[in-house]
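Biologist: Let me question the labels on this model. For each one, please give the rule and then the value.

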Amino acid sequence: MDTITEAAVGGAPLSPARSRAAVLVVAATTFGVVTTEMLPVGLLSPLGDALGVSEGTAGLAVTLPGVVAALTAPLLPALAGRADRRTLLVALVLLLAAADLVSALAPGFGVLLGARLVVGVCIGGVWALAAGLAHRLVRAEAVGRATAVVFSGIAVASVVGVPAGALIGELAGWRWGFAAVGLLALAVAALLAVLLPPLPAERAVRPAQLRALLRLRPVRVGLALVLLLVTGHFAAYTYVRPVLERVDGISPDAVSGLLLLYGVAGVAGNFLAGATPARRALPVISALLATVLALLALARGSAGLSIALLAVWGLAYGGVSVTTQTWLQAAAPRSPEAASSLLVGVFNAAIALGAAVGGAVVNGTGETGVLAVGAGLAGAALLVTTRSPRG
(Lines give C-alpha, C1' and ligand atoms only; values in the text may rest on other atoms or scores of the structure.)
Protein backbone atom coordinates (compact mmCIF):
# COMPACT_ATOMS: atom_id res chain seq x y z
CA MET A 1 0.00 0.00 0.00
CA ASP A 2 2.88 2.32 -0.73
CA THR A 3 1.95 3.59 -4.17
CA ILE A 4 -1.06 5.26 -5.68
CA THR A 5 -3.84 2.80 -6.39
CA GLU A 6 -6.88 3.02 -8.61
CA ALA A 7 -10.21 3.18 -6.81
CA ALA A 8 -13.24 1.60 -8.39
CA VAL A 9 -14.63 5.05 -9.11
CA GLY A 10 -14.00 5.46 -12.78
CA GLY A 11 -10.25 5.19 -12.27
CA ALA A 12 -9.98 8.08 -9.81
CA PRO A 13 -6.64 7.74 -7.99
CA LEU A 14 -6.33 7.12 -4.27
CA SER A 15 -3.26 8.54 -2.56
CA PRO A 16 -1.14 6.13 -0.50
CA ALA A 17 -2.43 7.68 2.72
CA ARG A 18 -6.06 7.47 1.60
CA SER A 19 -5.55 3.87 0.49
CA ARG A 20 -4.12 2.88 3.88
CA ALA A 21 -6.88 4.73 5.72
CA ALA A 22 -9.56 3.03 3.65
CA VAL A 23 -8.18 -0.44 4.37
CA LEU A 24 -7.86 0.34 8.07
CA VAL A 25 -11.42 1.61 8.37
CA VAL A 26 -12.71 -1.57 6.70
CA ALA A 27 -10.66 -3.52 9.26
CA ALA A 28 -12.27 -1.40 12.00
CA THR A 29 -15.65 -2.36 10.56
CA THR A 30 -14.88 -6.07 10.70
CA PHE A 31 -13.58 -5.55 14.24
CA GLY A 32 -16.85 -3.92 15.30
CA VAL A 33 -19.01 -6.56 13.64
CA VAL A 34 -17.10 -9.49 15.11
CA THR A 35 -16.97 -7.89 18.56
CA THR A 36 -20.75 -7.51 18.50
CA GLU A 37 -21.28 -11.02 17.17
CA MET A 38 -19.02 -12.68 19.74
CA LEU A 39 -19.76 -10.43 22.73
CA PRO A 40 -22.18 -12.93 24.35
CA VAL A 41 -19.32 -15.46 24.50
CA GLY A 42 -17.54 -13.32 27.09
CA LEU A 43 -20.80 -12.49 28.90
CA LEU A 44 -22.55 -15.84 28.65
CA SER A 45 -22.66 -16.71 32.35
CA PRO A 46 -23.75 -13.28 33.73
CA LEU A 47 -26.17 -12.72 30.84
CA GLY A 48 -27.84 -16.09 31.42
CA ASP A 49 -28.03 -15.51 35.18
CA ALA A 50 -29.54 -12.03 34.80
CA LEU A 51 -32.18 -13.07 32.25
CA GLY A 52 -33.00 -16.38 33.89
CA VAL A 53 -31.85 -18.81 31.19
CA SER A 54 -29.31 -21.64 31.12
CA GLU A 55 -25.89 -21.29 29.52
CA GLY A 56 -27.04 -23.51 26.65
CA THR A 57 -30.08 -21.31 26.05
CA ALA A 58 -28.05 -18.12 26.37
CA GLY A 59 -25.91 -19.48 23.53
CA LEU A 60 -28.86 -18.66 21.23
CA ALA A 61 -27.57 -15.07 21.37
CA VAL A 62 -24.70 -16.36 19.21
CA THR A 63 -26.69 -18.93 17.21
CA LEU A 64 -29.50 -16.64 15.99
CA PRO A 65 -27.29 -13.93 14.44
CA GLY A 66 -25.31 -16.64 12.68
CA VAL A 67 -28.45 -18.12 11.11
CA VAL A 68 -29.70 -14.73 9.94
CA ALA A 69 -26.26 -13.70 8.66
CA ALA A 70 -26.01 -16.92 6.68
CA LEU A 71 -29.27 -16.06 4.89
CA THR A 72 -28.45 -12.37 4.48
CA ALA A 73 -24.93 -12.67 3.08
CA PRO A 74 -25.80 -14.19 -0.33
CA LEU A 75 -29.06 -12.21 -0.65
CA LEU A 76 -28.00 -8.66 0.17
CA PRO A 77 -25.51 -8.12 -2.70
CA ALA A 78 -28.17 -9.35 -5.13
CA LEU A 79 -30.89 -7.17 -3.59
CA ALA A 80 -28.58 -4.16 -3.47
CA GLY A 81 -27.99 -4.27 -7.23
CA ARG A 82 -25.65 -1.45 -8.22
CA ALA A 83 -26.07 0.62 -5.06
CA ASP A 84 -22.90 2.28 -3.78
CA ARG A 85 -21.14 -0.10 -1.36
CA ARG A 86 -19.91 2.71 0.87
CA THR A 87 -23.48 3.88 1.45
CA LEU A 88 -24.62 0.35 2.21
CA LEU A 89 -21.79 -0.24 4.69
CA VAL A 90 -22.54 2.98 6.56
CA ALA A 91 -26.26 2.13 6.77
CA LEU A 92 -25.57 -1.39 8.00
CA VAL A 93 -23.14 -0.25 10.70
CA LEU A 94 -25.65 2.36 11.92
CA LEU A 95 -28.28 -0.38 12.15
CA LEU A 96 -25.76 -2.49 14.07
CA ALA A 97 -25.30 0.33 16.58
CA ALA A 98 -29.06 0.57 17.11
CA ALA A 99 -29.34 -3.19 17.69
CA ASP A 100 -26.50 -3.11 20.23
CA LEU A 101 -28.15 -0.32 22.19
CA VAL A 102 -31.49 -2.18 22.20
CA SER A 103 -29.63 -5.25 23.52
CA ALA A 104 -28.20 -3.14 26.33
CA LEU A 105 -31.71 -2.07 27.37
CA ALA A 106 -33.47 -5.41 26.80
CA PRO A 107 -35.89 -6.19 29.67
CA GLY A 108 -35.94 -9.91 28.85
CA PHE A 109 -34.29 -12.62 26.79
CA GLY A 110 -36.91 -12.41 24.03
CA VAL A 111 -36.16 -8.73 23.35
CA LEU A 112 -32.44 -9.47 23.39
CA LEU A 113 -32.93 -12.20 20.78
CA GLY A 114 -34.96 -9.80 18.63
CA ALA A 115 -32.08 -7.31 18.67
CA ARG A 116 -29.62 -10.09 17.91
CA LEU A 117 -31.71 -11.02 14.86
CA VAL A 118 -31.07 -7.50 13.53
CA VAL A 119 -27.39 -7.95 14.37
CA GLY A 120 -27.42 -11.01 12.11
CA VAL A 121 -28.70 -8.94 9.16
CA CYS A 122 -25.86 -6.47 9.72
CA ILE A 123 -23.21 -9.18 10.06
CA GLY A 124 -24.19 -10.90 6.83
CA GLY A 125 -24.43 -7.66 4.89
CA VAL A 126 -21.20 -6.14 6.17
CA TRP A 127 -19.12 -9.26 5.57
CA ALA A 128 -20.55 -9.90 2.11
CA LEU A 129 -19.52 -6.37 1.09
CA ALA A 130 -16.31 -5.89 3.08
CA ALA A 131 -14.60 -9.26 2.65
CA GLY A 132 -13.78 -8.65 -1.01
CA LEU A 133 -13.04 -4.91 -0.95
CA ALA A 134 -9.25 -5.06 -0.65
CA HIS A 135 -8.67 -5.32 -4.40
CA ARG A 136 -10.63 -2.08 -4.89
CA LEU A 137 -8.58 -0.11 -2.37
CA VAL A 138 -4.97 -1.11 -3.14
CA ARG A 139 -2.83 -2.11 -6.09
CA ALA A 140 -2.83 -5.75 -7.19
CA GLU A 141 0.49 -6.60 -5.54
CA ALA A 142 -0.77 -5.38 -2.15
CA VAL A 143 -4.12 -7.20 -2.16
CA GLY A 144 -2.91 -10.15 -0.07
CA ARG A 145 -1.50 -7.92 2.64
CA ALA A 146 -4.56 -5.67 2.60
CA THR A 147 -6.85 -8.70 2.88
CA ALA A 148 -4.92 -9.85 5.96
CA VAL A 149 -5.35 -6.37 7.46
CA VAL A 150 -9.12 -6.44 6.79
CA PHE A 151 -9.43 -9.88 8.38
CA SER A 152 -7.24 -8.85 11.29
CA GLY A 153 -10.39 -7.21 12.62
CA ILE A 154 -11.53 -10.71 13.57
CA ALA A 155 -8.40 -11.48 15.55
CA VAL A 156 -8.19 -8.03 17.13
CA ALA A 157 -11.81 -8.40 18.21
CA SER A 158 -10.69 -11.51 20.08
CA VAL A 159 -7.76 -9.60 21.60
CA VAL A 160 -9.57 -6.41 22.55
CA GLY A 161 -13.28 -6.69 21.82
CA VAL A 162 -14.46 -9.89 23.50
CA PRO A 163 -12.12 -9.68 26.53
CA ALA A 164 -12.95 -5.98 26.96
CA GLY A 165 -16.65 -6.80 26.81
CA ALA A 166 -16.13 -9.52 29.42
CA LEU A 167 -14.17 -7.11 31.61
CA ILE A 168 -16.83 -4.40 31.30
CA GLY A 169 -19.42 -7.02 32.19
CA GLU A 170 -17.49 -7.97 35.32
CA LEU A 171 -16.94 -4.36 36.41
CA ALA A 172 -20.20 -2.67 35.44
CA GLY A 173 -22.63 -5.36 34.33
CA TRP A 174 -23.27 -7.15 31.03
CA ARG A 175 -25.56 -4.39 29.70
CA TRP A 176 -22.66 -1.94 29.58
CA GLY A 177 -20.79 -4.37 27.33
CA PHE A 178 -23.52 -4.08 24.70
CA ALA A 179 -23.73 -0.31 25.16
CA ALA A 180 -19.99 0.01 24.57
CA VAL A 181 -20.06 -1.88 21.26
CA GLY A 182 -23.05 0.22 20.19
CA LEU A 183 -21.07 3.41 20.68
CA LEU A 184 -18.13 1.84 18.86
CA ALA A 185 -20.37 1.08 15.87
CA LEU A 186 -21.51 4.71 15.71
CA ALA A 187 -17.88 5.86 15.56
CA VAL A 188 -17.03 3.32 12.84
CA ALA A 189 -20.01 4.42 10.72
CA ALA A 190 -18.74 8.00 10.82
CA LEU A 191 -15.23 6.90 9.80
CA LEU A 192 -16.59 4.85 6.89
CA ALA A 193 -18.52 7.83 5.59
CA VAL A 194 -15.41 10.04 5.70
CA LEU A 195 -12.55 7.71 4.70
CA LEU A 196 -13.96 5.30 2.10
CA PRO A 197 -14.13 6.47 -1.51
CA PRO A 198 -17.41 6.01 -3.42
CA LEU A 199 -17.71 2.31 -4.28
CA PRO A 200 -20.33 1.68 -6.96
CA ALA A 201 -20.97 -2.00 -7.59
CA GLU A 202 -18.56 -3.59 -10.05
CA ARG A 203 -21.37 -5.79 -11.31
CA ALA A 204 -24.72 -6.80 -9.89
CA VAL A 205 -24.63 -10.21 -8.19
CA ARG A 206 -27.29 -12.51 -9.64
CA PRO A 207 -28.55 -15.84 -8.22
CA ALA A 208 -27.40 -17.56 -11.41
CA GLN A 209 -23.85 -16.35 -10.69
CA LEU A 210 -23.94 -17.95 -7.26
CA ARG A 211 -25.20 -21.23 -8.71
CA ALA A 212 -22.44 -21.19 -11.31
CA LEU A 213 -19.80 -20.75 -8.61
CA LEU A 214 -21.19 -23.72 -6.68
CA ARG A 215 -20.55 -25.92 -9.71
CA LEU A 216 -16.79 -25.28 -9.36
CA ARG A 217 -15.13 -28.02 -7.31
CA PRO A 218 -12.50 -25.76 -5.68
CA VAL A 219 -15.31 -23.47 -4.50
CA ARG A 220 -17.22 -26.41 -3.02
CA VAL A 221 -14.07 -27.67 -1.29
CA GLY A 222 -13.38 -24.23 0.18
CA LEU A 223 -16.93 -23.96 1.50
CA ALA A 224 -16.74 -27.48 2.96
CA LEU A 225 -13.57 -26.51 4.85
CA VAL A 226 -15.30 -23.41 6.21
CA LEU A 227 -18.27 -25.49 7.34
CA LEU A 228 -16.16 -28.09 9.13
CA LEU A 229 -13.60 -25.79 10.75
CA VAL A 230 -15.98 -23.04 11.85
CA THR A 231 -18.70 -25.41 13.10
CA GLY A 232 -16.16 -27.34 15.14
CA HIS A 233 -14.55 -24.19 16.49
CA PHE A 234 -17.78 -22.54 17.60
CA ALA A 235 -19.22 -25.71 19.07
CA ALA A 236 -16.36 -25.41 21.54
CA TYR A 237 -15.53 -21.67 21.61
CA THR A 238 -19.09 -20.51 22.35
CA TYR A 239 -18.68 -22.30 25.67
CA VAL A 240 -15.01 -21.48 26.30
CA ARG A 241 -15.85 -19.51 29.42
CA PRO A 242 -17.49 -22.39 31.29
CA VAL A 243 -14.78 -24.72 29.91
CA LEU A 244 -12.06 -22.56 31.46
CA GLU A 245 -13.95 -21.94 34.70
CA ARG A 246 -14.06 -25.69 35.34
CA VAL A 247 -10.28 -26.19 34.98
CA ASP A 248 -8.54 -26.73 38.32
CA GLY A 249 -6.56 -23.61 39.20
CA ILE A 250 -8.39 -21.16 36.87
CA SER A 251 -10.72 -18.75 38.65
CA PRO A 252 -13.67 -17.00 36.94
CA ASP A 253 -11.85 -13.68 37.38
CA ALA A 254 -8.97 -14.94 35.22
CA VAL A 255 -11.11 -15.70 32.17
CA SER A 256 -10.90 -12.18 30.68
CA GLY A 257 -7.12 -12.32 30.73
CA LEU A 258 -7.09 -15.78 29.15
CA LEU A 259 -9.40 -14.60 26.36
CA LEU A 260 -6.91 -11.80 25.80
CA LEU A 261 -4.13 -14.37 25.45
CA TYR A 262 -6.25 -16.31 22.97
CA GLY A 263 -6.83 -13.16 20.94
CA VAL A 264 -3.17 -12.11 20.85
CA ALA A 265 -2.34 -15.54 19.48
CA GLY A 266 -5.15 -15.12 16.96
CA VAL A 267 -3.68 -11.88 15.61
CA ALA A 268 -0.35 -13.63 15.09
CA GLY A 269 -2.11 -16.53 13.40
CA ASN A 270 -4.01 -14.20 11.06
CA PHE A 271 -0.89 -12.52 9.68
CA LEU A 272 1.16 -15.72 9.65
CA ALA A 273 -1.52 -17.51 7.65
CA GLY A 274 -2.06 -14.48 5.42
CA ALA A 275 1.57 -14.72 4.32
CA THR A 276 1.28 -18.46 3.57
CA PRO A 277 -0.45 -20.04 0.56
CA ALA A 278 -3.88 -21.33 1.60
CA ARG A 279 -3.08 -24.78 0.24
CA ARG A 280 -0.21 -25.10 2.73
CA ALA A 281 -1.79 -23.26 5.64
CA LEU A 282 -5.17 -25.02 5.86
CA PRO A 283 -3.86 -28.56 6.57
CA VAL A 284 -1.67 -27.17 9.37
CA ILE A 285 -4.58 -25.19 10.82
CA SER A 286 -6.87 -28.24 10.69
CA ALA A 287 -4.32 -30.52 12.35
CA LEU A 288 -3.58 -28.01 15.11
CA LEU A 289 -7.25 -27.45 15.91
CA ALA A 290 -8.00 -31.17 16.02
CA THR A 291 -5.04 -31.84 18.32
CA VAL A 292 -5.54 -28.86 20.63
CA LEU A 293 -9.25 -29.44 21.21
CA ALA A 294 -8.73 -33.14 21.87
CA LEU A 295 -5.97 -32.42 24.39
CA LEU A 296 -7.92 -29.61 26.04
CA ALA A 297 -10.72 -32.06 26.79
CA LEU A 298 -8.19 -34.12 28.75
CA ALA A 299 -6.37 -31.23 30.50
CA ARG A 300 -8.97 -30.13 33.05
CA GLY A 301 -6.64 -30.95 35.90
CA SER A 302 -3.80 -28.74 34.66
CA ALA A 303 -4.19 -24.96 34.45
CA GLY A 304 -0.77 -24.52 32.81
CA LEU A 305 -1.42 -27.03 30.05
CA SER A 306 -4.93 -25.67 29.46
CA ILE A 307 -3.60 -22.12 29.09
CA ALA A 308 -0.90 -23.23 26.65
CA LEU A 309 -3.46 -25.14 24.58
CA LEU A 310 -5.76 -22.11 24.56
CA ALA A 311 -2.94 -20.01 23.07
CA VAL A 312 -2.29 -22.58 20.33
CA TRP A 313 -6.05 -22.71 19.68
CA GLY A 314 -6.04 -18.96 19.09
CA LEU A 315 -2.96 -19.17 16.84
CA ALA A 316 -4.56 -21.86 14.67
CA TYR A 317 -8.06 -20.44 14.41
CA GLY A 318 -6.71 -16.93 13.78
CA GLY A 319 -5.72 -18.07 10.28
CA VAL A 320 -9.04 -19.62 9.25
CA SER A 321 -10.80 -16.51 7.91
CA VAL A 322 -7.95 -15.12 5.80
CA THR A 323 -6.96 -18.50 4.35
CA THR A 324 -10.49 -19.53 3.39
CA GLN A 325 -11.09 -16.10 1.85
CA THR A 326 -7.86 -16.45 -0.13
CA TRP A 327 -8.90 -19.95 -1.24
CA LEU A 328 -12.31 -18.73 -2.47
CA GLN A 329 -10.87 -15.68 -4.23
CA ALA A 330 -8.38 -17.92 -6.06
CA ALA A 331 -11.17 -20.35 -6.96
CA ALA A 332 -13.38 -17.56 -8.40
CA PRO A 333 -11.11 -14.63 -9.36
CA ARG A 334 -13.68 -13.04 -11.69
CA SER A 335 -16.50 -12.98 -9.12
CA PRO A 336 -14.98 -11.67 -5.87
CA GLU A 337 -18.17 -10.24 -4.35
CA ALA A 338 -20.24 -13.33 -5.22
CA ALA A 339 -17.53 -15.62 -3.81
CA SER A 340 -17.35 -13.51 -0.65
CA SER A 341 -21.12 -13.67 -0.21
CA LEU A 342 -21.04 -17.48 -0.42
CA LEU A 343 -18.14 -17.63 2.02
CA VAL A 344 -19.87 -15.35 4.51
CA GLY A 345 -23.13 -17.24 4.18
CA VAL A 346 -21.52 -20.61 4.91
CA PHE A 347 -19.25 -19.11 7.58
CA ASN A 348 -22.17 -17.70 9.54
CA ALA A 349 -24.29 -20.80 9.04
CA ALA A 350 -21.38 -22.71 10.55
CA ILE A 351 -21.21 -20.29 13.50
CA ALA A 352 -24.91 -20.84 14.13
CA LEU A 353 -24.64 -24.60 13.68
CA GLY A 354 -21.61 -24.78 15.95
CA ALA A 355 -23.26 -22.76 18.69
CA ALA A 356 -26.46 -24.84 18.41
CA VAL A 357 -24.60 -28.15 18.46
CA GLY A 358 -22.47 -26.91 21.32
CA GLY A 359 -25.55 -25.89 23.30
CA ALA A 360 -27.15 -29.29 22.84
CA VAL A 361 -23.95 -31.10 23.80
CA VAL A 362 -23.29 -28.88 26.83
CA ASN A 363 -26.81 -29.41 28.11
CA GLY A 364 -26.44 -33.15 27.53
CA THR A 365 -22.88 -34.22 28.30
CA GLY A 366 -21.05 -31.08 29.44
CA GLU A 367 -18.02 -29.15 28.22
CA THR A 368 -15.82 -32.15 27.47
CA GLY A 369 -18.32 -33.19 24.81
CA VAL A 370 -18.11 -29.93 22.85
CA LEU A 371 -14.32 -30.12 22.78
CA ALA A 372 -14.56 -33.64 21.37
CA VAL A 373 -17.03 -32.50 18.70
CA GLY A 374 -14.72 -29.64 17.70
CA ALA A 375 -11.72 -31.96 17.48
CA GLY A 376 -13.62 -34.43 15.31
CA LEU A 377 -14.79 -31.80 12.82
CA ALA A 378 -11.30 -30.29 12.54
CA GLY A 379 -9.98 -33.78 11.87
CA ALA A 380 -12.54 -34.16 9.08
CA ALA A 381 -11.32 -30.86 7.61
CA LEU A 382 -7.78 -32.21 7.63
CA LEU A 383 -8.93 -35.18 5.55
CA VAL A 384 -10.61 -32.82 3.06
CA THR A 385 -7.43 -30.76 2.64
CA THR A 386 -5.37 -33.83 1.86
CA ARG A 387 -7.71 -34.88 -0.96
CA SER A 388 -8.66 -31.52 -2.44
CA PRO A 389 -7.65 -29.73 -5.65
CA ARG A 390 -5.27 -26.82 -5.35
CA GLY A 391 -7.00 -23.74 -3.87
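Modeller: Start with burial: a residue is buried under 20% relative accessible area, exposed over 50% and partly exposed in between, using a 1.4 Å probe and protein chains only. Helices are DSSP runs of H or I of at least four residues, and strands are E runs of at least two, numbered from the N terminus. The model is predicted, so local features need pLDDT of at least 70 and side-chain atom pairs pLDDT 80 or more, while totals for chains, interfaces and linings use all residues. Residues are numbered from 1 along each chain as its sequence is written, and side-chain values use heavy atoms, without hydrogens or water.

Biologist: Which residues of α12 are called buried?

Modeller: They are Val 255, Ser 256, Leu 258, Leu 259, Tyr 262, Gly 263, Ala 265, Gly 266, Gly 269, Asn 270 and Ala 273.

Biologist: How do you know that the span of α12 agrees with what is expected?

Modeller: The expected span is 1.5 Å times one less than the number of residues. For the 20 residues of α12 that gives 28 Å, and the end C-alpha atoms are 28 Å apart, so the two agree.

Biologist: What span does α5 have, from first C-alpha to last?

Modeller: Helix α5 covers residues 109–130, which is 22 residues. It reaches 31 Å, close to the expected 32 Å.

Biologist: Why is α5 called largely enclosed?

Modeller: Because 16 of its 22 residues are buried.

Biologist: Why is Leu 293 called buried?

Modeller: Its relative accessible area is 1%, so Leu 293 falls under the buried limit. Leu 293 sits in helix α13, residues 278–298. Its C-alpha is 9.4 Å from that of Gly 232, 61 residues apart along the chain.

Biologist: Is Ala 28 buried, exposed or partly exposed, and why?

Modeller: Ala 28 has 23% relative accessibility, so it counts as partly exposed. It belongs to helix α1. The C-alpha atoms of Ala 28 and Phe 151 are 9.7 Å apart, with their positions 123 residues apart along the chain.

Biologist: What makes Leu 353 partly exposed?

Modeller: Its relative accessible area of 42% falls between the two limits, so the label is partly exposed. Leu 353 lies in helix α16. From its C-alpha to that of Val 230 is 9.0 Å, and the two are 123 residues apart in the chain.

Biologist: And what puts Leu 377 in the partly exposed class?

Modeller: A relative accessible area of 24%, so the class is partly exposed. Leu 377 is in helix α17, residues 367–386. Leu 377 and Ala 148 are 229 residues apart in sequence and 25 Å apart, C-alpha to C-alpha.

Biologist: What makes a set of residues a nonpolar core?

Modeller: They must be buried Ala, Val, Leu, Ile, Met, Phe, Trp, Tyr or Cys, joined through side-chain atoms within 4.5 Å. The largest such core has 107 residues, and those with the most contacts inside it are Leu 137, Leu 196, Val 230, Leu 289, Trp 313 and Tyr 317. Helix α10 gives the most to this core, with 11 residues. Apart from it lies another core of 19 residues, including Leu 112, Trp 174, Val 181 and Val 361.

Biologist: How many aromatic pairs does the structure hold?

Modeller: It holds 6. Rings of Phe, Tyr and Trp (its six-membered ring) pair if their centres lie within 6.5 Å; planes under 30 degrees apart are stacked, over 60 edge-to-face, and the rest tilted. Phe 234 and Tyr 237 are 6.3 Å centre to centre with 80° between the planes, so they pair edge-to-face. Both lie in helix α10, 3 residues apart, about one turn. Both are buried.

Biologist: What makes Tyr 262 and Trp 313 an edge-to-face pair?

Modeller: Their centres are 6.0 Å apart and their planes meet at 90°, so both tests are met. This pair links distant parts of the chain: Tyr 262 in helix α12 and Trp 313 in helix α14 (residues 303–317), 51 residues apart. Tyr 262 and Trp 313 are both buried. Phe 234, Tyr 237, Tyr 262, Trp 313 and Tyr 317 form one aromatic cluster.
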